[in-house]
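Got the viewer open? Let's take a walk through some charged pairs and a patch of surface.

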Amino acid sequence: MSATLQRDGARIVLSGRLDATGCATIWQAARDAASKESTVDASDVSYCDGIGAALLFDLIQRGARIEGLAERFAPLLAELDPDQPLLIPETPKPEGRLAAIGHFAAGWWRETRDVIGFIGEATVSSWAILRRPRELRLGETLRVAASAGADALPIVSLIAFLLGVILAFQSAIPMRQFGAELFVANLVGLSLVRELAPLMTAVLLAGRTGAAFAAEIGTMKVNQEIDALTTMGLDPMRFLVLPRLIAVALTAPLLTLYAELVGMFGAALVLTGFDIPLATSASQIQGFVNLSDFLTGLGKAFVFGLGIATIGCLRGLRTGSGARAVGASATSADVQGIVMLVVADGLFAIAFYYLGW
Amino acid sequence: MSEPIIRVENLTCAYGDNVVLRDVSFEVARGEVLTVLGGSGCGKSTLLKHLIGLEHPTAGQVWLNGRELTATGGEARRDILASFGVAYQAGALFGSMSVLENVMLPLAEHTQLDAPAREIVARLKLREVGLEQYADYAPANLSGGMQKRAAIARALALDPAILFLDEPSAGLDPITSSELDALILRLARALHLTFVVVTHELASIFAIADRGLMLDKQEQGIIAVGKPADLRDHHPDPRVTRFFRRGEETV
């Protein structure tokens with residue numbers, strides 16, 4: 001039998017089982033019925049558990065008096081201190097728009113300072129490592145390089161190949177109207193080397209590696225492993241961050257180089273469909289893309305890799321507590337990494353324009 | 001005598017070829033506080049995992065409230081799972097929710113109560129464990145002892161008949177730990193709850209336990225059952241008395 005509620009003027013008669021199921025059916029009605037004048041007749045209540053006691057508590061708080069509750073349920077209700085109202089803390093007022101802007105700006109500035117400080121710290125540590133290279137954890141560096149570089153080859157191949165194929169197709173069709181499909185190789189080669197290969201590789205690195213750094217270091221932070229390192233006198237910067245920075249800064253250009261070759265191969269393959277043999281495409285690219293294009297591309301990849309690793313490690317070290325904080329760190333490492341790429345790429349474009357490279 | 005609320009029959013627990021518990025049988029009476037004791041690696045946690053259905057036994061049965069947990073599936077199993085509460089060693093509060101939301105979660109998932117009713121029930125559970133004013137805190141901002149009490153409040157949310165506690169006093173100072181013992185005793189008396197507490201904290205064993213059930217690694221099973229004081233003073237097995245005398249060699 002479930003619970004029932006009957007109203008008889010100011011009298012509320014409860015009967016049946018006051019458990020989760022029973023209370024769910026009558027709570028709304030009880031809430032509406034209860035007032036300062038009500039008396040609640042609970043003598044027909046056959047069962048009452050903690051949830052039932054909570055219902056009675058609610059009625060008492062609304063001013064009702066409980067009568068006839070069986071002896072064996074009374075301690076349950078007494079346990080809840082029914083005369084003491086619930087302590088519901090005030091929710092703080094939402095801040096005004098001006099204050100919100102101020103807080104946002106202050107937060108942004110704090111974060112920027114944090115990043116600059118971190119870069120400074122990393123630079124100092126790198127300098128120390130340069131003077132005493134034996135202090136670098138070579139094994140860890142190679143392990144990170146393998147997982148950030150070698151393990152990324154399949155996905156880089158796929159993306160770079162598709163990039164080459166798509167670029168070649170999209171440009172070959174309009175170029176053909178001028179009989180200039182031969183120069184598609186130059187176009188694709190140059191854009192891959194200077195711009196697209198470094199950028200696409202870096203986006204992949206941000207998603208794969210930057211986020212992984214943040215999650216890994218973040219979990220270590222949550223488990224107090226970072227604290228353990230610090231108290232053992234091992235600088236987390238040297239122990240965790242530098243191997244990652246070095247590994248990614250070195251693998252990013254290598255991956256970029258690989259992406260360039262795969263992309264060019266994809267483009268050349270498409271051009272064979274336009275009656276341009278592979279060897280012709282190759283010699284076109286060789287004649288058109290010069291060493292400075294190539295080096296600026298690799299230089300960009302180096303800077304991108306360094307930036308992604310820095311952001312990943314920094315977000316990891318600044319992880320708050322709990323499982324959600326680790327997820328938030330990984331996400332922000334990914335997003336900030338990509339924002340950094342776009343900004344840095346823009347700055348490179350301006351700089352190269354004025355330098356005439 | 002009434003039907004025991006927990007009945008374990010010939011339970012064998014193994015991970016692959018590694019047998020942890022062999023042919024274990026025991027019963028727990030309604031309203032009893034049973035502590036499961038034993039040194040590290042003796043299978044305390046394994047036993048607990050089998051009692052609450054996290055692991056499936058290699059052989060044997062677990063009966064909770066007259067229903068066989070090991071053989072039940074689907075909706076009925078969900079019912080059994082809602083009939084007991086578990087407070088894990090580190091609290092296992094969901095970090096993305098406030099303490100209050102943690103306690104409200106089982107109510108939202110297993111009952112038809114509306115939101116205001118759920119909130120009242122949850123706040124009262126927190127009042128029972130003495131955390132009413134911390135309802136809106138994030139679990140991470142509570143101390144270890146508070147997290148354990150919050151975990152107990154969450155385990156109590158659905159008014160279970162049985163409460164399983166895994167190492168409730170681990171990592172707590174003696175005062176907080178004894179406060180927690182007092183809370184367990186008060187809940188056992190007031191709500192007529194059955195407690196199964198996995199612990200090796202001697203002080204709390206003597207404070208709360210009606211009976212202790214001692215497991216042993218070599219024996220792969222139970223080596224002693226009884227009142228803690230009897231186990232300490234009168235048990236013939238030196239492994240048992242040694243445990244209670246903190247590992248001093250008995251002469």
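Here is a tour of a predicted model, one selection at a time.

**Before you zoom in.** How many salt bridges does a search of the whole structure find? Over all chains, the count comes to 25. As background, side chains of opposite charge can pair when their charged atoms come close.

**Stop 1: a link across chain A.** Select Glu195(A) and Lys300(A) and show their side chains. The two meet in a salt bridge, at 3.1 Å from N to O. Glu195(A) sits in helix α7 (residues 184–222) of chain A, while Lys300(A) belongs to helix α11 (residues 291–317) of chain A; the pair links distant parts of the chain, 105 residues apart. Now switch on the surface. Is Lys300(A) buried or exposed? Lys300(A) counts as buried, because its relative accessibility is 3% and the cut-off for buried is under 20%. Its partner Glu195(A) has 30% relative accessibility, so Glu195(A) counts as partly exposed.

**Stop 2: over to chain B.** Pick Arg7(B) and Glu9(B) next. These two form a salt bridge, and their closest N and O atoms are 3.0 Å apart. Arg7(B) has a relative accessible area of 18%, so this residue is buried. Glu9(B), with 25%, is partly exposed.

**Stop 3: helix to strand.** Stay in chain B and select Arg239(B) together with Asp216(B). Their side chains meet in a salt bridge at 3.3 Å, N to O. Which elements hold the two residues? Arg239(B) lies in helix α9 (residues 238–244) of chain B and Asp216(B) in strand β9 (residues 211–216) of chain B, so the salt bridge ties together parts that are 23 residues apart in sequence. Asp216(B) is buried, at 12% relative accessible area, whereas Arg239(B) is partly exposed at 33% relative accessibility.

**Stop 4: a charged network.** Jump back to chain A and select Glu140(A), Arg143(A), Glu216(A) and Arg244(A) as a group. Salt bridges with shared partners join these residues into one network.

**Stop 5: a change of scenery.** For the last stop, leave the charges behind. Select Val335(A), Val339(A), Val343(A), Leu347(A), Ile350(A), Tyr353(A) and Tyr354(A), then display the surface. Together they make up a nonpolar surface patch with about 800 Å² of accessible area. Try clicking on Val339(A): you'll find this residue in helix α12 (residues 323–355) of chain A. Val339(A) counts as partly exposed, because its relative accessibility is 47%.

How values were computed:
Residues are numbered from 1 along each chain as its sequence is written. Chains are lettered from A and ligands numbered from 1 in the order in which they are written. This is a predicted model: local features need pLDDT of at least 70, side-chain atom pairs count only at pLDDT 80 or more; totals for chains, interfaces and linings use all residues. Side-chain values use heavy atoms; hydrogens and water are left out. A salt bridge is a side-chain nitrogen of Lys or Arg within 4 Å of a carboxyl oxygen of Asp or Glu. Helices (H or I, at least four residues) and strands (E, at least two) are DSSP runs, numbered from the N terminus. Buried means under 20% relative accessible area, exposed over 50%, partly exposed in between (1.4 Å probe, protein chains only). Patches are made of residues with over 30% relative accessible area and no salt bridge: like charges are joined within 9 Å, nonpolar side chains (Val, Leu, Ile, Met, Phe, Trp, Tyr) within 5 Å. Accessible areas come from the Shrake-Rupley method with a 1.4 Å probe; for residues, only the protein chains shown count as cover.
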